[in-house]
Amino acid sequence: MCDRPPADYTAPVNDLTLDQVRRVARLARLALPNEHLERSRSHLAAVLDYMQQLRALDTTGVEPLARVSDDANRLDDDTPGPCLPTDALLAMAPRALPPFIQVPRVLGDGGAA
Amino acid sequence: MTPSARALAADVRARRRSAADLAREALDRAHAARHLNAFLDLFPDAAIDQAKRLDARLAAGEPVGPLAGVPVAIKDNLCLAEPYGGRTTAGSRILADYRSPYTASAVQRLLDAGAIVLGKANLDEFSMGSSGENSAFGPTLNPHDPARVPGGSSSGAAAAVAAGIVPLALGSDTGGSIRQPAAFCGIVGLKPTYGRVSRYGLVAYASSLDQVGPLARTVEDAALALAVIAGPDPHDATSARAPIPDPLASLDTPVAGATIGIPRQARSTANHPAVAAGLERAASALADAGARVIDIDLPHADRGIAAYYIVALAEASSNLARFDGVRYGRRADLEAGQGLDDLYARSRAEGFGPEVQRRIMLGTYVLSAGYYDAYYNTAMKARRLIKQDFDAAFAHGGTGGAGRAGGCDAILMPTAPGPAFRLGEKTTDPLAMYLEDAYTVTINLAGLPAISVPTGWADVDGSRLPVAAQLVGRPFDEPRLLRLARTLERGVGF
């Protein structure tokens with residue numbers, strides 16, 4: 001089980017580029033310094049290469065399995081219960097102007113790209 | 001050696017020992033073993049105060065729970081509010097100053113049963129690691145050899161139990177994070193069936209795989225802890241309503257006639273010789289007790305690591321999106337002209353360690369447009385095939401289909417391919433670290449219960465290191481699993 005990839009695995013098929021690493025960092029909302037790009041690329045490529053062994057698996061007619069529990073999405077009674085007080089939630093925020101949580105300007109200059 | 005949790009609770013209930021004395025002694029042991037870095041926080045005042053309250057209740061003749069006065073460690077990805085201060089870091093800088101306003105359900109059940117929380121235990125950041133080295137607060141050391149890792153991610157919990165500081169700890173297991181450190185530290189680690197224990201208050205890593213469970217010195221203590229923490233919880237929609245028969249009641253029922261399957265894949269030539277010998281010793285112990293040991297096949301087990309890491313990291317990338325520097329956790333100081341996107345990206349880059357960032361990026365990649373089908377969807381199909389392998393092995397009627405042996409009551413295999421490795425040995429090669437989890441991850445993908453039990457020792461470079469095997473059971477069949485584990489434990493005589 002802990003051997004390296006099986007024989008039908010065809011490595012290396014992953015040609016991850018630095019641009020792709022930049023893109024995935026942007027999607028993941030991670031500011032990735034340029035000096036870490038190449039190391040990230042090689043680590044990601046090695047793992048993705050390994051993951052590609054699943055391509056060799058015959059999955060014809062196999063339904064994806066997202067969770068093992070059979071009783072997801074069951075309905076609860078729609079009755080109000082206790083919840084955390086506003087003060088407790090605001091106390092967790094690194095910056096707050098009660099009763100609000102402070103964020104940088106979103107619209108106009110300085111807003112999200 | 002410290003007495004078991006069950007023995008300590010009996011002493012406290014009978015007022016032969018005071019809970020306050022037990023707490024003080026455990027705190028002394030924790031201080032003496034500080035070099036292990038097993039604890040991120042100790043609660044001397046709160047622990048002794050809670051213990052004194054318990055002693056007062058006993059003196060007044062009030063009823064107390066089955067863990068009365070037992071000092072415990074809690075993995076620091078389980079929320080614990082007042083009177084324990086609330087700090088819950090998940091081993092991450094991004095949560096270094098976070099204080100939880102509520103307590104995790106499993107932890108609350110331990111407290112309600114009379115346990116005294118001694119402290120919060122170190123872990124790999126967000127449970128992402130198999131060595132304990134990924135903690136933002138420094139690695140935990142293995143009590144058997146401080147130059148080696150204790151395993152992970154429940155590194156501090158395992159080290160604290162193995163060092164005799166506490167008889168019981170609570171951890172979490174997403175791909176082996178209870179069982180593998182238990183194996184490396186020579187203790188018992190139980191990952192319950194998915195849904196058996198509430199995940200409310202557990203800092204999420206991969207929600208379809210995460211499960212809370214105990215680490216203990218003995219199978220009996222693991223059973224005792226499970227009886228306390230198991231059961232449905234209105235705060236966790238995935239907590240199962242299946243009945244939980246008391247695992248302690250049937251712990252000593254003979255196992256004669258049980259069928260134990262050993263997967264062909266479990267006898268890999270990559271196993272350390274001591275692990276291989278331990279597996280055979282475990283099989284003999286069960287056979288000597290009257291169990292039938294048969295060979296089985298889990299044909300898709302070889303795909304477990306690839307499928308697991310795709311599923312787990314996809315879920316992690318989604319779960320960890322909540323750490324945005326806005327609602328809680330670390331927030332970056334912005335420079336002039338920077339906006340909300342910079343706040344997210346910089347807070348996360350400053351707060352998450354390198355392995356967490358790597359896993360988030362991998363998860364983001366496998367979910368991104370153009371790759372979702374090739375990676376995530378295929379991994380979910382592999383997950384079904386892996387689960388069907390287990391279903392076939394457990395199928396009643398003697399055959400698991402396709403000519404395979406079925407009818408197993410439990411499956412026996414190593415917990416890890418080798419004993420504890422050296423600090424730093426695998427940190428430069430993420431894939432090598434992931435491959436350590438080969439025996440544990442398929443069980444999480446299938447949502448099954450499994451328990452790691454020590455099977456012997458490996459002599460490596462002058463160190464005597466424990467090795468272990470795990471038993472895997474049918475869903476919600478923990479009482480039988482624990483019975484078999486108890487038989488193995490006694491037969492092996494570790």
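A residue is called buried when its relative accessible area is under 20%, and exposed when that area is over 50%. The exercises below concern a predicted model.

**Exercise 1.** Determine how many residues of helix α5 (residues 155–162) of chain B are buried, and which elements they pack against.

*Solution.* Step 1: eight of the eight residues of α5(B) are buried, and the helix is mostly covered. Step 2: the buried residues are B:Ser155, B:Gly156, B:Ala157, B:Ala158, B:Ala159, B:Ala160, B:Val161 and B:Ala162. Step 3: their packing partners in chain B are the strands β1 (39–42), β2 (71–75), β3 (116–121), β4 (168–172) and β6 (212–216), together with helix α6 (179–185). Step 4: after α5(B) comes B:Gly164, which has a positive phi near 80 degrees.

**Exercise 2.** Classify the mutual orientation of helix α1 (residues 18–27) of chain A and helix α11 (residues 354–367) of chain B.

*Solution.* Step 1: two packed helices are described by the angle and the distance between their axes. Step 2: for α1(A) and α11(B), the angle is about 100 degrees and the axes lie 9 Å apart. Step 3: angles of 65 to 115 degrees count as roughly perpendicular, and α1(A) and α11(B) are therefore roughly perpendicular to each other. Step 4: at the contact, A:Val24, A:Ala25 and A:Leu27 of α1(A) meet B:Met361, B:Thr364 and B:Tyr365 of α11(B).

**Exercise 3.** Decide whether A:Leu107 is buried or exposed, and locate this residue in chain A.

*Solution.* Step 1: A:Leu107 counts as exposed because its relative accessibility is 70%. Step 2: A:Leu107 lies in the segment after β2 (100–101) of chain A. Step 3: with A:Ile101, A:Val103 and A:Val106, A:Leu107 makes a nonpolar surface patch of about 340 Å².

Terms used:
Residues are numbered from 1 along each chain as its sequence is written. Chains are lettered from A and ligands numbered from 1 in the order in which they are written. This is a predicted model: local features need pLDDT of at least 70, side-chain atom pairs count only at pLDDT 80 or more; totals for chains, interfaces and linings use all residues. Side-chain values use heavy atoms; hydrogens and water are left out. Patches are made of residues with over 30% relative accessible area and no salt bridge: like charges are joined within 9 Å, nonpolar side chains (Val, Leu, Ile, Met, Phe, Trp, Tyr) within 5 Å. Accessible areas come from the Shrake-Rupley method with a 1.4 Å probe; for residues, only the protein chains shown count as cover. A salt bridge is a side-chain nitrogen of Lys or Arg within 4 Å of a carboxyl oxygen of Asp or Glu. Helices (H or I, at least four residues) and strands (E, at least two) are DSSP runs, numbered from the N terminus. Buried means under 20% relative accessible area, exposed over 50%, partly exposed in between (1.4 Å probe, protein chains only). Contact means heavy atoms within 4.5 Å. Axes are lines fitted to C-alpha atoms, for helices over the stretch in contact, and angles run from 0 to 180 degrees between N-to-C directions. Angles under 35 degrees count as roughly parallel, over 145 as roughly antiparallel, 65 to 115 as roughly perpendicular and the rest as oblique.
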